[in-house]
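Hi,

Here is the structure I said I would pass on. Have a look, and my notes follow below.

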Amino acid sequence: STLNMFSKSTLHFDGVKALFGNSSDLEIFHDGSNSFIKDAGTGNLEIWADGAVIIKSGDGTETKALFDTNGSVDLYYDNSKKFETTAGGVQVEGDVDIRTGKKLILQRPNNAVACEMSTDVAGTMILNSVNNEGFKLQNQSTVLLELGNTDNNANFVSGATFPGTLTVGVDDTGHDVKFFGATAGSFLLWD
């Protein structure tokens, strides 16, 4: 078959489309205000590249997104990379802003929800164990604080120092503070 070969630019006026496919499935055009690459037919719009696919500003000076073959997907704000996929997950440069009423949900490998992190309207951070499984605060592999799963107890595993005032509520027997010793069953009550 014979190919049409162009050695000069082709000019399409506003609203005049370059059409591709038997049913004009792909359209490229400018409507006078905006430019469009429109998949108007069946199937997907696929962009193939052996190298990276890079989306830039109109003058080419700022990168908006980069999709690297066998590599990362990077998203930019004002030409500064903010989000990157990695072999192990994702990497974020800057803050992650979780709005009031929204949650950061942590899941197990089987997609079961383990816990949710959110804030209330007063700005209080809430860490919620979905299935009463408790929490651990660790420094590397050393457990510093363990919150019980069903007994609602807080256990300072490696000790705790409070430079200010420690306020403790009244337990179910009316005691304000209960100090436990190393021997099982040994404790001191403070009212």
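How much area does the protein expose, and what share of it do carbon and sulfur atoms supply? The protein exposes about 15,800 Å², with 52% supplied by carbon and sulfur atoms (accessible areas by the Shrake-Rupley method with a 1.4 Å probe; for residues, only the protein chains shown count as cover).

Before the rest, some housekeeping. This is a predicted model, so local features need pLDDT of at least 70 and side-chain atom pairs pLDDT 80 or more, while totals for chains, interfaces and linings use all residues. Residues are numbered from 1 along each chain as its sequence is written, and side-chain values use heavy atoms, leaving out hydrogens and water.

On the fold: there are 16 strands and zero helices (DSSP runs numbered from the N terminus; strands are E, at least two residues, and helices H or I, at least four). Of the 191 residues, 8% are buried (under 20% relative accessible area; exposed is over 50%, partly exposed in between, with a 1.4 Å probe and protein chains only).

One open sheet has three strands in the order β1-β2-β3, paired antiparallel (pairing takes at least two DSSP bridges between two strands). β1 (18–20) and β3 (35–39) are the edges, each with a single partner strand, so one side of each has no neighbour in the sheet. β1 and β2 (residues 26–30) share three bridges, and F20 has L26 in β2 as its bridge partner.

Finally, V92 sits in strand β8 (residues 89–92). V92 counts as partly exposed because its relative accessibility is 36%.

Cheers
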